[in-house]
Amino acid sequence: MTSPHDAAEAPRGSARAASAGRGDSPSFHAMWTSLHGIGRNAASGGYRRYAWTQADADCRLWFRMQAEARRLDVETDRNGNQWAWLGDPTAGDAVVTGSHLDSVPDGGAFDGPLGVVSSFAALDELRARGVSFKRPLAIVNFGDEEGARFGLACVGSRLTAGRLTKEQAYELRDADGISLPQAMEAAGHDPSTIGADPERLARIGAFVELHVEQGRALDLSGDPVGIASSIWPHGRWRYDFAGEANHAGTTRLVDRRDPMLTYAETVLAARREAELAGAVATFGKIAVEPNGVNAIPSMVRGWLDARAADQSSLDKVVAGVEAEARAYAERHGIDLTVVRESFTPIVDFSHALRDELSRILGTTGKVPVLGTGAGHDAGILSEAIPTAMLFVRNPTGVSHSPAEFAAEDDCVAGVLALADVLEELACR
Ligand SMILES: [Zn+2]
């Protein structure tokens, strides 16, 4: 029987074999199977690999075993990221690949692990090709990428890049009130030296992260592998709609100041504005006061997540939604306050490295270059070092869910593409 929950067990599928005639990746399947059970919730079929938990420790042990089996030198840096080195880490100009092993609550099997497994498999492929390495190579497992436990994404790479200070990191707490340093300590990691690590970044000449695609662009274009152009600018805005609480049975419709109505119209406006701009906009979280089934709300608080390919499109969406919300609010006698809670500008990956990847992978046909609305460690590092990303087709387009999927043929195509890139960068 096939269900989305079984998808994680072994990614087999009937997708066109882009790798046909180009060999296989014998180690991919074995690694995938050995990682499959770690942190998996049997009931949901999803993964709960949260930072500094037992599941995280099990993933880290898995990483160490894979590295040691390949005679790589393993180290954990001061921020809890794991590195497996081939060659001298201090030689400089290293080529680094990898991703993360942690997950969102009930996440899929591919987001993160596909990049780590593919990195080891690509190294196996290069060794089978008999190449010799001219630059040091490292495979990295970034800690706490999803931010599922402490609410902030990419903590490991942010700390390393100096985008999160030690003081800020010490303030992070999980749902049980356990602080990040407490969690690190409990897991056997000394938190006292966390923080920017410019010496480490200075050793890296290029970083390439392979990741499952979290949309359907590759499925629609019919390609197993693509190259990232940029990470869309994105942000979160809190909308407070303040009205008047009253009895749901006795208050005439004309007498109401119902913020839920204004909120509902604003949700529709967000959809319209996003469609007009070719962007995405989502109200995915809402808080209602007093939250009674027989009460007109006094307050509806909704959070808008908006993302677009470029800043001007995003500005258009955000301004458009707010203007429409204000017009509706006035009509219904609602007081509206809009607060921007977070914002991340566009990440434009290194054009030189992206063009090089296009050249390396383009020998057998054109490889699509696509933007993404999702954040990644590669986006954090791209400010400091030349960085690129490869995406592997996800036929469902679903991510952060057990339904996330990539066919094994496509995974192997990703491994071979990554191997081609690493060979060109590290061996020539
Ligand atoms: Zn990811």
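This report describes the domains, the nonpolar core, one helix and the annotated binding-site residues of a predicted model.

**Domains and core**

The domain assignment divides the protein into domain 1 (4-232 + 346-427) and domain 2 (234-344). The C-alpha centres of domain 1 and domain 2 lie 36 Å apart, and the contact between them takes 5 residues from domain 1 and 8 residues from domain 2. On the side of domain 1 that touches domain 2, the residues divide into 2 nonpolar, 3 polar and no charged.

The largest nonpolar core has 115 residues, and those with the most contacts inside it are Val117, Ala138, Val317, Leu390, Val415, Leu418 and Leu422. Helix H13 gives the most to this core, with 12 residues. Because domain 1 (4-232 + 346-427) and domain 2 (234-344) both give residues to the core, it lies between them. For one of the residues with the most contacts inside the core, Val317, the contacts beyond four places in sequence are Glu273, Ala274, Ala277, Ala279, Ala281, Ala306 and Ala308.

**Helix H9**

Three of the contacts of Val317, namely Glu273, Ala274 and Ala277, are also among the buried residues of helix H9. This helix, residues 259-277, has 19 residues and reaches 27 Å from its first C-alpha to its last, which is close to the 27 Å expected at 1.5 Å a residue. Its buried residues also include Pro259, Leu261, Thr262, Tyr263, Thr266, Ala269 and Ala270. The partners against which the buried residues of H9 pack are strand E7 (234-242), strand E9 (280-289), strand E11 (299-307) and helix H10 (311-332). After H9 comes Gly278, whose phi is positive, near 65 degrees.

**The binding-site residues Asp111, Glu146 and His400**

In an unreviewed entry, UniProt lists Asp111, Glu146 and His400 under "binding site". Although these residues are spread over 290 residues of sequence, they cluster in space, with a largest C-alpha distance of 9.8 Å.

Glu146 lies in the loop between strand E4 (137-142) and helix H4 (155-161). Glu146 counts as buried because 23 C-beta neighbours lie inside 10 Å, and, leaving aside its neighbours within four places in sequence, it is in contact with Asp102, Ser103, Val104 and Ala153. His400 is found in the loop between strand E15 (387-392) and helix H13 (408-427). With 18 C-beta neighbours inside 10 Å, His400 counts as partly exposed. Not counting residues up to four places away in sequence, His400 touches Val104, Gly107, Gly108 and Asp111. Val104 therefore appears among the contacts of Glu146 as well as those of His400, and Asp111, which His400 touches, is itself listed under "binding site" by UniProt.

The loop between E4 and H4 also holds Phe150, which is buried, with 21 other C-beta atoms within 10 Å. Beyond four places in sequence, Phe150 touches Ala51, Asp144, Val155, Leu172, Arg173, Asp174 and Leu180. The C-alpha atoms of Phe150 and Val74, which stand 76 residues apart along the chain, are separated by 26 Å.

**The binding-site residues Arg236, Asn294 and Arg307**

UniProt, again in an unreviewed entry, also places the feature "binding site" at Arg236, Asn294 and Arg307. These residues span 72 residues in sequence, and the farthest two C-alpha atoms are 35.7 Å apart, so the residues do not all gather at one spot.

Arg236 has its place in strand E7, and its contacts, leaving aside neighbours within four places in sequence, are Trp303, Leu304, Asp305, Glu341 and Ser342. Arg307 lies in strand E11 and, with the neighbours within four places in sequence again left aside, is in contact with Trp232, His234, Ala279, Val280, Leu314 and Gly373. Both E7 and E11 are among the elements against which the buried residues of H9 pack.

The burial of residues described above is set out here.

| Residue | C-beta neighbours inside 10 Å | Burial |
|---|---|---|
| Glu146 | 23 | buried |
| His400 | 18 | partly exposed |
| Arg236 | 17 | partly exposed |
| Arg307 | 23 | buried |

How values were computed
Residues are numbered from 1 along each chain as its sequence is written. This is a predicted model: local features need pLDDT of at least 70, side-chain atom pairs count only at pLDDT 80 or more; totals for chains, interfaces and linings use all residues. UniProt positions are given in the numbering used here, feature names are shortened, and annotations may be inferred rather than shown by experiment. Helices (H or I, at least four residues) and strands (E, at least two) are DSSP runs, numbered from the N terminus. A residue is buried if 20 or more other C-beta atoms lie within 10 Å of its own, exposed if 12 or fewer, and partly exposed in between; C-beta atoms are placed from the backbone. Two residues are in contact if their C-beta atoms, placed from the backbone, lie within 7 Å. A nonpolar core is a set of buried Ala, Val, Leu, Ile, Met, Phe, Trp, Tyr and Cys residues joined through C-beta atoms within 7 Å. Domain bounds come from an automatic or database domain assignment. The expected span of a helix is 1.5 Å times one less than its number of residues. Ala, Val, Leu, Ile, Met, Phe, Trp, Tyr, Cys and Pro count as nonpolar, Asp, Glu, Lys and Arg as charged, and the others, Gly among them, as polar.
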